Structures are given as structure tokens and as C-alpha cells.
Amino acid sequence: MKHISIRGLMFMVSFAAFFGTEPLAAQSILKRIKGRVEQTATQKVLNETDKAVSKSIDKAIESATAEGNASPAKTDQQHTTSGNDNNGHQNTSIQAFSKYDFIPGDSVLYANDFSGEAIGELPSGWNSNGSSVIVSLGDVPGQWLRMAQRTVVLTDNEKPFGPDFTVEFDMLVQIDFKGWLPPSFQFGLLASGTESTTSNKLLSDPKGEKSFYVAVSPLTDAGNLALESYEKYTRYFNSPPTKNKLVRQWYGRVSHVAIQGQKERLRIWVDGEKLYDVPKGIPKAGVFNQLFFRLDSSPYTDEQIGVYFSNIKIAKGLPDTRHKLVEEGKFSTTGILFDTGSATIKSESAGVLKAIAAVLAQHPDIRVRIVGHTDAVGNDNVNIDLSGRRAVAVSEVLQAEYQIDDGRLETDGKGETDPVADNQTAVGRAQNRRVEFIKIQ
């Protein structure tokens with residue numbers, strides 16, 4: 001009986017902490033989630049005094065008592081920092097990424113946004129040693145790979161990246177901190193050598209012929225970051241764990257990761273902040289051909305740890321903006337990114353925009369036509385209009401942020417009418433979603 005009375009007291013404390021002086025509202029909420037409480041939450045309520053219900057019920061209570069509250073996991077539109085929104089309103093805070101000098105490779109090798117994958121399954125052709133699966137995240141657009149603890153995941157890419165390459169993906173981290181350390185997670189590249197890119201051998205230790213990875217150890221107010229590279233099983237480069245408060249900004253929102261390899265040089269950004277720039281970070285031998293993700297183990301349950309990845313794009317080559325625009329007369333890029341179905345420019349486009357602006361500033365006699373292109377998804381007429389609005393948005397940013405005279409810029413939109421790749425594949429669609437800058441003679 002003593003044990004029962006203590007548990008009952010814990011329940012009353014938790015109940016009062018959540019519902020305060022509004023017992024009628026609380027009763028209404030409890031009725032609405034009664035089934036969920038009975039199935040999964042009662043034990044958590046009884047066992048914890050600081051947080052009496054699970055995260056899922058917290059969200060239900062918040063939505064019932066504070067209608068219109070923002071979800072902690074923001075959409076791309078919520079964290080976009082530049083461009084035109086659907087109402088034509090101009091956002092000019094792309095300056096936040098003014099130091100961002102990442103420019104994607106000029107030829108897309110691999111792309112996957114998981115749009116055609118089955119929910120609850122590992123993506124087709126991928127390999128894993130755990131239960132990582134594709135999920136949807138409510139208000140967050142798209143589909144996402146949810147990492148399970150004690151798991152390594154390998155993509156289905158089979159193409160070599162070459163000596164110069166870029167890798168991009170989106171990341172979302174949701175952790176229900178309970179006072180002990182959550183698991184670390186890693187993302188990195190490897191060269192599989194004589195092994196298949198999806199070999200089971202790489203799941204136990206993703207090293208291959210050469211590799212590197214960034215390790216993130218989340219803390220409530222920051223995170224420890226480390227970078228290591230290997231030549232087979234011999235460490236080649238090591239940056240020891242360092243506490244970085246920027247990691248705290250990654251929690252509960254979509255962040256964009258960008259990686260650039262130039263021979264031996266390795267550079268890594270998250271949300272425009274350059275985390276690493278290592279001149280000798282990549283071993284010379286071998287060619288990268290695989291992206292991998294890893295989530296370690298912890299005392300937390302999988303339901304308390306959310307580490308998600310999506311919107312992967314791998315490209316090869318180093319685009320020479322000045323040569324292509326000034327000498328060849330046309331520069332095409334897939335690196336100016338927009339919100340889905342919108343002319344709002346994403347902030348990670350700043351590196352490309354800055355490079356274009358620099359060429360135009362160095363050659364004040366050059367005039368250009370900015371042409372927007374889409375993939376074949378959606379209505380033809382809608383895509384024509386959308387591509388035109390995107391071209392206008394690019395022109396406006398070049399004028400507002402880089403002081404390029406509007407008399408030097410024309411705009412056009414061709415929608416899906418001028419593809420450069422097969423719209424039936426994810427790689428082709430990624431290549432077709434582009435912006436061209438054509439020199440006007």
C-alpha cells in the first residue's frame with residue numbers, strides 16, 4: 001500500500017504541474033487522449049516527476065491548449081532566409097549566410113529525397129544493420145530516414161565521386177533530454193575499394209580503403225564535434241572533440257549539411273557555418289563512392305532519440321563560374337535552392353549567388369539573362385510561372401544584396417520545357433531543377 005500511495009502522489013504532482021488551475025480543460029484533454037494514455041503513457045506519468053508524460057502526449061496537450069503554437073521541428077519555409085515567398089514578399093536576410101562560400105559540383109551523380117520510398121521501410125537498395133526506416137514528420141515537408149540506435153546505414157550509390165566533389169543533405173535532430181548523455185551520431189564518406197558500396201563488411205566498420213566522418217555528441221546546451229579520417233584502418237587526420245554551441249541551434253529544426261572535397265582538402269559546413277577546413281584531411285589513395293550515417297547506443301529509448309536525414313545530393317567537379325559565364329557565355333547551377341513549390345530562395349544558396357555577383361562585379365560590361373527551370377513534377381503552366389518567379393527572385397537578391405544594377409539583368413522562366421536529364425529519375429530531376437545565367441551579347 002505504501003508503494004501505491006507514493007505512485008499516486010507522483011501522479012497528482014505531475015497532473016498539477018501540467019494543468020495548473022484549469023481542471024476542466026485538463027479533463028477535456030485527457031478524454032481526447034485517453035486511449036493513448038492507457039496504452040503507452042501511464043507508466044511514464046507515474047515514474048517521472050519532472051516530465052509526467054511522453055513527448056507525443058506533450059505535443060497533444062500543446063496543440064489542444066495553445067492552438068497555433070509552432071512545432072519545434074520547423075519546415076524549410078520557416079528557416080528560409082531569403083527570396084520571395086508565395087505572396088511575393090521579399091526576404092532579405094540572406095546576409096546571414098554572407099560568409100558561406102560553398103558551391104556544389106557541376107554534375108549531379110546521386111540524389112534521393114525518399115519521395116518514392118515506402119514509409120516504415122529502409123530505402124530500396126540501401127543497406128543497414130538495424131531498424132532505420134523512412135518516416136514522415138507531420139508539418140516538416142518530405143520523407144526522412146530515421147536512424148535507429150546501434151545502426152550504420154549505407155546509401156545505394158555505386159558511382160565514384162572523383163577527386164573533386166560535393167555532398168549535401170538535410171538533417172533534423174530531436175532529443176528528449178533526460179539528464180544523461182544521448183548517443184553520438186556520425187556522417188561521413190568512404191571508398192569501398194574492392195568491396196561493393198553496400199557490402200555487409202562496411203556495416204560493422206565503415207572504413208573501406210579510406211574514409212572520414214564527423215562525430216556529433218549532443219549536449220543540452222551545445223555539442224562536442226570531432227573529425228577523423230582514415231587510410232584503411234590507420235588514422236590519417238584527427239581533430240579531437242571540441243565543444244561547439246552551434247550544435248544547440250540544430251535541435252528541433254531542419255539544418256543543411258554541405259561537404260566539399262578538393263583532392264586532399266576537406267571542408268564542411270552546417271547551416272552556412274564552416275566547421276572544418278582541412279588542407280590535408282583526405283588521403284590521396286582511393287576514390288570515395290559512399291555516404292554513410294551512424295547512430296551509437298545509449299540508455300535512451302529509440303522514441304526519445306530522433307536523428308533524421310533527407311534530401312541527399314552528391315555532385316562531382318568544381319564549377320568555374322567566371323570561365324563558364326565570361327568565356328563560354330553560360331553558367332548553369334543546381335545550387336540555388338528554393339522551397340518546394342515556391343520562389344523563396346533557401347539561405348544555403350548564398351555561396352553560388354556570391355560567386356555570380358563577384359563575376360558580374362569584375363566584368364561590369366556583362367549583361368545576363370537569368371532563366372529558371374523546373375523538373376516535370378506538377379502542372380506545366382504552374383511550372384512555367386514558378387520558374388519565372390524564381391528567376392525574378394534571383395535577380396532581386398543580386399540587386400538588393402550585391403548591388404548589381406537591374407539594367408544588367410533580364411529574367412525568364414522555361415518550367416519543364418528544356419530538360420537536360422531524364423525526369424523519370426531522381427538524379428535527372430535534380431539536374432533539371434536549375435538556374436541558368438546566359439550572357440547577353
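User: What percentage of the 441 residues of the protein count as buried?

Analyst: The model is predicted: local features need pLDDT of at least 70, side-chain atom pairs count only at pLDDT 80 or more, and totals for chains, interfaces and linings use all residues. Residues are numbered from 1 along each chain as its sequence is written, and side-chain values use heavy atoms, with hydrogens and water left out. Buried means under 20% relative accessible area, exposed over 50%, and partly exposed in between (1.4 Å probe, protein chains only). Of the 441 residues of the protein, the share that counts as buried is 51%.

User: How many helices and strands does the protein have?

Analyst: Helices (H or I, at least four residues) and strands (E, at least two) are DSSP runs, numbered from the N terminus. For the protein, these runs amount to 10 helices and 21 strands.

User: Among contacts between residues at least 6 apart in sequence, what percentage join residues at least 24 apart?

Analyst: Contact means heavy atoms within 4.5 Å. Among contacts between residues at least 6 apart in sequence, the share joining residues at least 24 apart is 72%.

User: Which strand gives the most to the largest nonpolar core?

Analyst: A nonpolar core is a set of buried Ala, Val, Leu, Ile, Met, Phe, Trp, Tyr and Cys residues joined through side-chain atoms within 4.5 Å. The largest one has 47 residues, of which F169 and F187 touch the most other members. With 6 residues from the range 164-175, the strand that gives the most to this core is β8.

User: Which residues does a second, separate core of 26 residues include?

Analyst: This core stands apart from the largest one. One residue of helix α9, L398, is buried. Among the members of the 26-residue core are V326, A355, L398 and V435.

User: What is the reach of helix α9 from its first C-alpha to its last?

Analyst: Helix α9 covers residues 380-402, 23 residues in total. The expected span of a helix is 1.5 Å times one less than its number of residues, which for α9 gives 33 Å. Close to that expected value, the reach of α9 is 32 Å.

User: Which residue caps the N-terminal end of α9?

Analyst: Just after α9, Q403 takes a positive phi of about 55°. At the N-terminal end, a side-chain oxygen lies 2.8 Å from the backbone nitrogen of N381, and the capping residue that supplies this oxygen is N379.

User: Why does the salt bridge between D164 and K263 tie together parts that are apart in sequence, and how many residues separate them?

Analyst: A salt bridge is a side-chain nitrogen of Lys or Arg within 4 Å of a carboxyl oxygen of Asp or Glu, and in this pair the closest N and O atoms are 2.8 Å apart. D164 is buried at 14% relative accessibility, whereas K263 is exposed at 51%. Phi of K263 is near 60°, a positive value in a residue other than glycine. Because D164 lies in strand β8 and K263 in the loop between β13 (254-262) and β14 (265-270), the sequence distance that the pair spans is 99 residues.

User: With which residue does R253 form a salt bridge?

Analyst: R253 is in the loop between β12 (234-244) and β13, and its partner is in the loop between β14 and β15 (273-278), 18 residues apart. Both residues are buried. The closest N and O atoms are 2.6 Å apart, and the partner is D271.

User: With which side chain does K280 meet in a salt bridge?

Analyst: K280 lies in the loop between β15 and β16 (290-295) and its partner in the loop between β13 and β14, so the pair ties together parts that are 16 residues apart in sequence. The partner is buried, with a relative accessible area of 14%. At 3.2 Å, N to O, the side chain that K280 meets is that of E264.

User: With which side chain does the side chain of H256 make a polar contact?

Analyst: H256 lies in strand β13 and is buried at 6% relative accessibility. Its contacts, leaving aside neighbours within four places in sequence, include Y100, F169, W269 and E348. A polar contact is a pair of N or O atoms within 3.5 Å; within protein, one must be able to donate a hydrogen and the other to accept it, and residues adjacent in sequence count only if both atoms are side-chain atoms. At 2.8 Å, the side chain that makes the polar contact with H256 is that of D170.
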